[in-house]
Every structure is written in structure tokens, then in C-alpha cells.
Amino acid sequence: MSSLPTKYTVGDYLAERLAQIGIRHHFVVPGDYNLVLLDKLQANPNLTEVGCANELNCSLAAEGYARANGVSACVVTFSVGALSAFNGTGSAYAENLPLILISGSPNTNDASQFHLLHHTLGTTDYSYQLEMAKKITCCAVAVARAHEAPRLIDRAIRHALLARKPCYIEIPTNLSGAECVRPGPISAVTDPVTSDKAALEAAANCASEYLSGKLKPVILVGPKLRRAGDGAEQALIKLAEAMGCAVAVQPAAKGMFPEDHKQFVGIFWGTVSTDAADSIVHWADALLCVGTAFTDYSTVGWTAMPDIPLMAAEMDHVTFPGAHFSRVRLGEFLSHLATTVKFNNSTMIEYNRLKPDPVLVRTATPSDELTRKEISRQIQALLDSKTTLFVETGDSWFNGVQLKLPPGALFEIEMAWGHIGWSIPAAFGYALRHPDRKIIVMVGDGSFQVTAQEVSQMVRFNLPITIVLINNRGYTIEVEIHDGSYNKIKNWNYALLVQAFNGEDGNAKGLTAKTAGELRDAIKAAEENTKGPTLIECSIDQDDCSRELITWGHFVAAANARPPRLPGV
Ligand code: DPX
Ligand code: MG
């Protein structure tokens, strides 16, 4: 194992900063513009290099790692690599994850000598990649001289950590090994910005006052709660208990408020809500929205947008009807409000009267043909305090959202970006950081075809991830939004494909289930396979999709089809 360098190069500097902010694995695809940089990163004893099959997967693996670790790094080569990695970077932007995208770039002499270069557009302006990166990151820097590297690297990383967004760092191939100064204290990069005391005080007082004037308050939890860090999730539980009101959760925030808590009233997703959460949200006269994101998808094509004024507590500010407070950190705000707010459990009393009775789920007999419901029933039985469930875009969203999370179980969904294929590389990246968790992926056939190669990294790193592949022969969610022949896809032998990734030394298992009994046996085999991934291909009827997907699809299709509104008409 090598030790920290005494003389620093740009590559050493970057490596040390990545390690200091808590990155233990960095995801890479090599190319001649980044090879020296990769050597430097490899030389840092606190970093483990993780090779990926392609740059799309590399960026999505880093996206998943950031979910588990709080921050991640993805290192690629110029253009041919970076342009593919922009997709996972876009996901990190939409999902509020600090992913550090690092790209090698041409030798610093080439632009001024008007040289044409490989992996470029065939023009001599090499600034285009930086310009593109600016649109999908919160801070994009290109190192042009070695002595600027410390300042630019620190700036980009600090911005990403503060904004919970990706950043971009471009390092020319001839500068990774060039000397620069050693890093100063890491606190200059990582120290958080705390709330403005006066703004925090005023915001909490304003919120207490507003809520005390209302009769039916409800808390709505959104996906930015977890991204805010700062103990915001724990603070929310304290606040909810101090208020005593109903707490509903958006689908992308599932699991961010404990589902076994007596104030949890379900997933608020308009007409496809669980446990009638929509009836209580729409009954409220005050809605405290904590890190929420209202999109066409989360509001079911805008049909479920609450129509009362919203109080929005965001990661770094709060906005109420009639007031705005900047530089108020979410965790601090929630904790402070918990000490001043008045108890009012009217929405819980009403909810307990409205609450639907638990649905009795029929257990299939072993010879029964496999159905979506039976798959969900068997996955439900697998969930425990150590599980993290990944649900892919498609009917897996709807099936996954309806499962009940036991205490400690975690849920990952990429609802803002919605890139099919995300779950395979993201679960891989996540698993490297949390090898102790039981990771289950629910993914459709179409999605799996996008990023299937990354199963081979699960094999390489002996990760016992269970992939439940629901084969309904096509893009069913698209069928429900708008059907056409383009929603049919070529069927694969998925179980065999996964075994092919074993090469001569892997432990992946590929199994198929067409009946309830076969699924039960396959799950047992997956639990016994502790040295590699297990893929279970579950074949179901093409028309076997959730009622929720169909309903949601109709509303989203209607929203998509709104005719253009002409100015002034
Ligand atoms: C597309 C989607 O098989 O799931 O349950 O059958 O729908 P379901 P599959 O994985 O199919 C997914 C498919 C094609 N969305 O129905 S959700 C459009 C799309 C996207 N991301 C990317 N390209 C296209 N979401 C990268
Ligand atoms: Mg499908």
C-alpha cells in the first residue's frame, strides 16, 4: 500500500480531497486523457478504484454511491466518456446528490497550436465540454495551469457539498502529474453554512403563529428531506410528534418518515395514493411541505396539486404564505419549530376514522401462474430492517411504493430523472458502500436491457444483490401513457445472460419463475447465494399491471396532450 505523497501533483491533490470528504470508492472508465490521473487516484491508500463497463453506468453507479455515502466521484475520459456520463450527472442534479464528475482533457498545448484531436468534435475549440457541463452541475471548472488546481478543485467540491448538486472538474492529460501545493485543512471545503440566527428564529416564530391559526394542519414529506442531511430526518420526527398531526409522504420520499409511526398516513400520490393519504392531504387547511418536489409525475399530471397556500421548508430556506426566510437550514428549522409549535392532532383523529382497512392479500398456491400481486407479496415477506429496496421506472414504481417498509428498511427511487436502467448500476454503487445491507432491485425487462452490463461488476465484487426482473414483454408504462408498436421489445434469455457474466470465476445465478412456487424456490436460492448477484426472471402476463399505473398513465397522458396555449388567448 502506498503512503501519502510528500510532493503533491494535481492528481495527488484531487485524490486527497476525495478521500478527505469521505469517498472510499471512485468509479472510472479509463481513456488516454485520464490515465495518469487514474494512477494518481490509485496511489491514494484511502481510495479504491472501481471500473465500470461504460460511462453511462459509471455515472449511475456514482449516483447510487452518493445516495449511500452522501458524495461520490466518477472519472471519465474526454467527450466519448464525459458525454455519456452527463446522463448520470443529470440524474444527480435532479435528485440532489453531490456527484463529482471528473474528466481528463487534451494536452494544454493543443488548443493554441490548432491541433485536431481524437475523441473530439473535429474542431479546435475544446471548451465545449466545460460549457455543456455548466448546465448540469452547480459548479464547473477546467484546470488550465497546475498552480490553479487547488483553488478550483476546492471550489467545485465545496459548491457541490453545499448545494447537494453535482460539480465538474476537467484536468488536462499533461497536468495530472504536474506539481502543485499540498492541501490545506479540509474544513475549508467541508464546513457547513449554518442558519442565520435571526432568520431561523423569525421563520420558526412565523411558522408557529401561522399553524396556530389553522385547524387542520398536515405535514407532507418530500425527497429533499434526506438530501438536506443535518439530522433533518430525526428532527422531522420530533416536530411531527410535537404537532401531533398527520404525516403524508411523497412517493420519492418513501421511507424518509417511518412507516410504522402512528402518525404516518401513507404515500400521497394523488389518486394513486396509498392508505387514503390523499383524503387527509386534501382535507388539510395548512400544509407544511418539507423538502417536497411537485412534478407532473408526483402530482399525477397536475391533478393532485394541493390547492391551499403551501408552507415550504426547503434545504436552505423557508417560504410561507406572505413571508420568506433565506439561509435557514432545514434540520435546524425543524428542530427549532418543534420547541415552539402548538399540539393539534385534529388531522390524526379524522384520519383514524377515514383509514381504509388493511387489504387481505391472497397467497397463491405453488402451481399458480405468477402474477404481479404474488411477486409483491413474496417481496414484502423478504423486507427487513437491513433491506434497501431499489425500484426502477416502470410498474416497479407502483408495486414498490405499495409495499410496507418495516423499521430500518430503506427505499431508493429515481423519480425526478426517471432514467430506465438506473437501478442496476445505482444498486451496484450503493452496495459497495453498504455491503451489510440486503439489496433487492425491482426492475422491468425494458429497463434491464439499458444497463445490464453492470451486473458483471456485481459479479466482480461478489455482491449478493437480488434482482427481481419483471418480464412483461415490453414498455408497459408507455403502453398506458400512449401505445404503439415501439413499446414492444426483443425478449432475452435473462437468466442465461447473467450466468454469462460469470466468465470463469463468477458466482452469479440466473433463475426463472413462471409460477408462485418457482418464485418461492428462486428467492430461497437467492438468499443462499451470498457470493454474487442472483437474477430472478419473473414472467407475467403482458396485461398484468397495477391499477395505479393505468390510472396514473391516463392522467399523465392527458397532461402531455394539453394543446399549446397561445400568448394572449
Ligand atoms: C420507458 C419506460 O419493461 O417496465 O413495467 O414494463 O413499464 P414496465 P420496463 O422496464 O419498461 C420501461 C418503459 C421506455 N420510458 O416502460 S418507463 C421512457 C424512457 C426513460 N428513460 C430513458 N429512455 C426512455 N424513462 C433513458
Ligand atoms: Mg416491461
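This note goes through the ligand site, one helix and several individual residues of a predicted model.

1. **The shell around ligand 1.** Ligand 1 is surrounded by 16 residues, and those that come nearest are Gly418, Asp445, Gly446, Ser447 and Glu478. Sorted by class, the shell is made up of 10 polar, 3 nonpolar and 3 charged residues.

2. **Polar pairs with the ligand.** An oxygen atom of ligand 1 has a polar side-chain atom of Asp445 at 2.6 Å, and an oxygen atom of ligand 1 is also 3.0 Å from an N or O atom in the side chain of Asn472. With Ile420 the partner belongs to the backbone, where a polar atom is 3.1 Å from a nitrogen atom of ligand 1. Taken alone, ligand 1 would expose 590 Å², and the protein buries 78% of that area. Two elements give two or more residues each to the shell, namely helix H17, residues 445–451, and helix H19, residues 476–481.

3. **Asn472, a residue with two polar partners to inspect.** Asn472 is found in the loop that runs between strand S17 (466–471) and helix H19. With a relative accessible area of 8%, Asn472 is buried, because a residue counts as buried when that value is under 20%. Besides the pair that its side chain forms with an oxygen atom of ligand 1 at 3.0 Å, the side chain of Asn472 is joined to that of Thr476 by a polar contact of 2.8 Å.

4. **Arg473, in the loop between S17 and H19.** Arg473 is also placed in the loop between S17 and H19, and it has a positive phi of about 60° although it is not a glycine. At 46% relative accessibility Arg473 counts as partly exposed, whereas Asn472 is buried.

5. **Val300, a residue with positive phi.** Val300, which is not a glycine, has a positive phi of about 55°. The residue sits in the loop between strand S10 (286–290) and strand S11 (310–313), and its relative accessibility is 0%, so that it counts as buried. A colleague looking at the backbone may wish to view Val300 and Arg473 in turn, given the positive phi of Val300 and that of Arg473.

6. **Helix H8 and its two sides.** Helix H8 spans residues 197–212, and its 16 residues reach 23 Å from the first C-alpha to the last, which is close to the 22 Å expected at 1.5 Å a residue. The buried residues of H8 are Ala199, Leu200, Ala203, Ala204, Ala207, Ser208, Tyr210 and Leu211. These residues lie on the same side of H8, because they cover an arc of only 165° around the axis. The other side of H8 carries the exposed residues Lys197, Ala198 and Glu209.

7. **Glu314 and Lys224.** Glu314 belongs to the loop between S11 and strand S12 (317–320). Its relative accessibility is 13%, so Glu314 counts as buried, and a polar contact of 2.8 Å joins its side chain to that of Lys224.

8. **Glu179 and Tyr13.** Glu179 is located in the loop between strand S6 (167–172) and helix H7 (187–190), and at 52% relative accessibility it counts as exposed. Although Glu179 and Tyr13 are 166 residues apart along the chain, their C-alpha atoms are separated by 9.4 Å.

9. **Gly444 and Gly474.** Gly444 lies in strand S16, which covers residues 438–444, and its relative accessibility of 17% makes it count as buried. From Gly444 to Gly474 there are 30 residues in sequence, while the distance in space is 8.4 Å, C-alpha to C-alpha.

10. **Gln499 and Val459.** Gln499 is part of helix H20, residues 494–500, and is partly exposed, having a relative accessible area of 35%. The C-alpha atoms of Gln499 and Val459 are separated by 9.6 Å, with the two residues 40 apart along the chain.

Note on methods
Residues are numbered from 1 along each chain as its sequence is written. Chains are lettered from A and ligands numbered from 1 in the order in which they are written. This is a predicted model: local features need pLDDT of at least 70, side-chain atom pairs count only at pLDDT 80 or more; totals for chains, interfaces and linings use all residues. Side-chain values use heavy atoms; hydrogens and water are left out. A residue is near a molecule or strand if one of its heavy atoms lies within 4 Å of it. A polar contact is a pair of N or O atoms within 3.5 Å; within protein, one must be able to donate a hydrogen and the other to accept it, and residues adjacent in sequence count only if both atoms are side-chain atoms. Accessible areas come from the Shrake-Rupley method with a 1.4 Å probe; for residues, only the protein chains shown count as cover. Helices (H or I, at least four residues) and strands (E, at least two) are DSSP runs, numbered from the N terminus. Ala, Val, Leu, Ile, Met, Phe, Trp, Tyr, Cys and Pro count as nonpolar, Asp, Glu, Lys and Arg as charged, and the others, Gly among them, as polar. The expected span of a helix is 1.5 Å times one less than its number of residues. Buried means under 20% relative accessible area, exposed over 50%, partly exposed in between (1.4 Å probe, protein chains only). The arc is that of the directions from the helix axis to the C-beta atoms.
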